[in-house]
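Let's take a walk through this structure together, beginning with what surrounds the ligand and working outward from there.

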Amino acid sequence: MSFIHSIKFKITLWYLAILGILLVMLGCGIYFTLSQIIYRNLDASLKARAKHLLEFKDIISILEEGTFEEEAGEYVAFFFYQDNKLRDVSSKGQRIPVNKYLIEQGLSGKSSFSTMETHRGEKLRMYIRQYIPENNCFKQSNRRPGRPYRPESQAKCIEIKSSALVVARPTKDMDETLQRLLQILIVAIPLTVILSGGGGVFLARRAFKPVEHITDTAKEIGESDLARRINVTTKDELGRLALILNQMIERLEKAFERQKQFTSDASHELRAPLAIIQAESTLALQKERNLETYKRSLEIIAQETDHMSSIINQLLTLARADSGKDHIIFEKIDLTEFLKDICLDVEILCQEKRIALKSDLLDNVWVKADKKSIRRLVLNLLDNAMKYTSAYGTIKVNLKTEKNMAVLSVIDTGIGIPLKDIPFIFERFYRVDKARSRDIVGSGLGLAICKHIADIHSGFIAVESQLDKGSKFYFTLPLAV
Ligand code: ADP
């Protein structure tokens, strides 16, 4: 898989996009906050300077005389109307480009800040505020350059109602600082994104290495070898994923093995009756035989066909159970009455075999169960009891309750089951030593079906048995509430 189509690439791309946006936002934030702080400080210092200047007595006269000591780079000027003409008095006669509207505002008492550009292209930040001289008079200077000196007492008083003080400072240094910051940000942001991108790709590659290993191994396992396992032993999410996949593969392997075993057992079980049918029919057809022999052959063929059909039915039941497609309908049933009916049906068969069937059923035992399945389970147990009990034996069907469970038992006085076989008799196709039951037809599937029925009813099935004495199969089922 190419890198462009990998999750690594998508994650890196998202990471870079988010990082880029965050860095640009951060850069803009830094730049605008800093420029605001710088300008706010400048405005505050201009305001303080204006206040300080207005503390000077006759500040306009001082300015006009040219003796005013301005601070480095500072511009100071007063604007006022004299003889209906707007005049300005500035430090060292420097002319400041001020917007007339702002001057008018200043004259009318409205203070303001503004940024202007001089004809030399220098940017100035200025503060404009109103100044009303003492007695509305500004004493015209006696020491104006090119004018004859006049004593102080003769200084001419020019009447002005209001003046506008303009204090300005160049913003060059600050603008340069901000410009430099901007340049640094313009270089640093893409550089950080590129370096982080490299780091991101490296980290993503490292983080996804186990995923690649899992994918490769899973591919190999899927193609050939179910015995293989994924070798990721980290304790993180990928380690857990590998563990869960390994457990899943193990279950698959076991299910696959079971399936193989099941198929081979099923074909083995079906091969025997088929071989008998084949042999019997071939033998019968070889030459003319008497009626008795034909009848005997047909009986054998019918018996084996019956056996095959029973095996096939049981196989179908188990296949449906495995695929979870049993048609189960849970309903409330009176187990006592239900068992009485079954016992009535089975009684005739027992009589034929000269076996006594007894029952001891507690009244009114209600359970929630699937009728068809429970009937099948009880019939299987009774059928086994009849098969493995000889004439004059006894079969007992008991029903009682224990705590919140119904306990049904089928007890026989038959051949019993050897202790070593008991753990396996509920497995599919398991039959206790076939020699002892050579004449007894069976497939080894009946108890496996019973176990499945117990499981789907959240019940429990077990056996207690003694060789040559008999067996007791019991089955528990939750009582209906
Ligand atoms: P089968 O069709 O062979 O009876 P089951 O699954 O019903 O298959 O039973 C498995 C094996 O358990 C039988 O082959 C038999 O040997 C033993 N078994 C089951 N029920 C009894 C019983 N009541 N008495 C003695 N042996 C039994």
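**Around the ligand**

Keep in mind that this is a predicted model. Look first at the shell of residues around the ligand: by class, nine are nonpolar, seven are polar and four are charged. In total, 20 residues surround the ligand, and the closest are Asn 384, Asp 412, Arg 431, Ser 443 and Leu 447.

Now zoom in on the polar pairs. Asp 412 has a side-chain N or O atom 3.0 Å from a nitrogen atom of the ligand. Tyr 388 also puts its side chain to use here, with a polar atom 3.1 Å from an oxygen atom of the ligand. With Ser 443 you should look at the backbone instead: an N or O atom there lies 2.9 Å from an oxygen atom of the ligand. So how much of the ligand does the protein bury? On its own the ligand would expose 520 Å², and the protein buries 98% of that.

Where does the ligand sit? Its place is in the largest pocket. Three elements each give two or more residues to the shell around the ligand: helix 8 (371–387), helix 9 (446–456) and strand 14 (470–478). Helix 8 supplies the largest share of that shell, with three residues.

Time to step back to the pocket itself. Rolling a probe the size of a water molecule over the atoms shows where empty space is left. Here, the largest pocket comes out with a volume of about 650 Å³. It is lined by 33 residues, and those closest to its centre are Asn 384, Lys 387, Tyr 388, Gly 442 and Ser 443. Which elements give two or more residues to this lining? They are helix 6 (291–322), helix 8, helix 9 and strand 14. Helix 8 gives the most to the lining, with seven residues. Sort the lining by class and you get twelve nonpolar, 14 polar and seven charged residues.

Before you leave, there are a couple of backbone oddities to check. Most residues other than glycine have a negative phi. Arg 354 isn't a glycine, yet its phi is positive, at about 55°. You'll find Arg 354 in the loop between helix 7 (335–352) and strand 9 (356–361). Ser 458 is another non-glycine residue with a positive phi, this one near 50°. Ser 458 is in the loop between helix 9 and strand 13 (460–466).

Definitions and conventions
Residues numbered from 1 in each chain as written. Predicted model: local features only at pLDDT ≥ 70, side-chain atom pairs only at ≥ 80, totals over all residues. Heavy atoms only, no water. Near = heavy atom within 4 Å. Polar contact = N/O pair within 3.5 Å; in protein donor to acceptor, adjacent residues only side chain to side chain. Areas by Shrake-Rupley, 256 points an atom, 1.4 Å probe, with all protein chains shown as cover. 1 Å grid on protein atoms, 1.4 Å probe; cavity = no way out; pocket = protein on both sides within 12 Å on 5 of 7 lines; lining within 4 Å. Sits in = over half its atoms within 2 Å of the grid points. Helix = DSSP H or I, 4+ residues; strand = E, 2+ residues; numbered from the N terminus. Nonpolar A, V, L, I, M, F, W, Y, C, P; charged D, E, K, R; others polar. Points joined across faces, edges and corners; volume = space filled by probe spheres on them.
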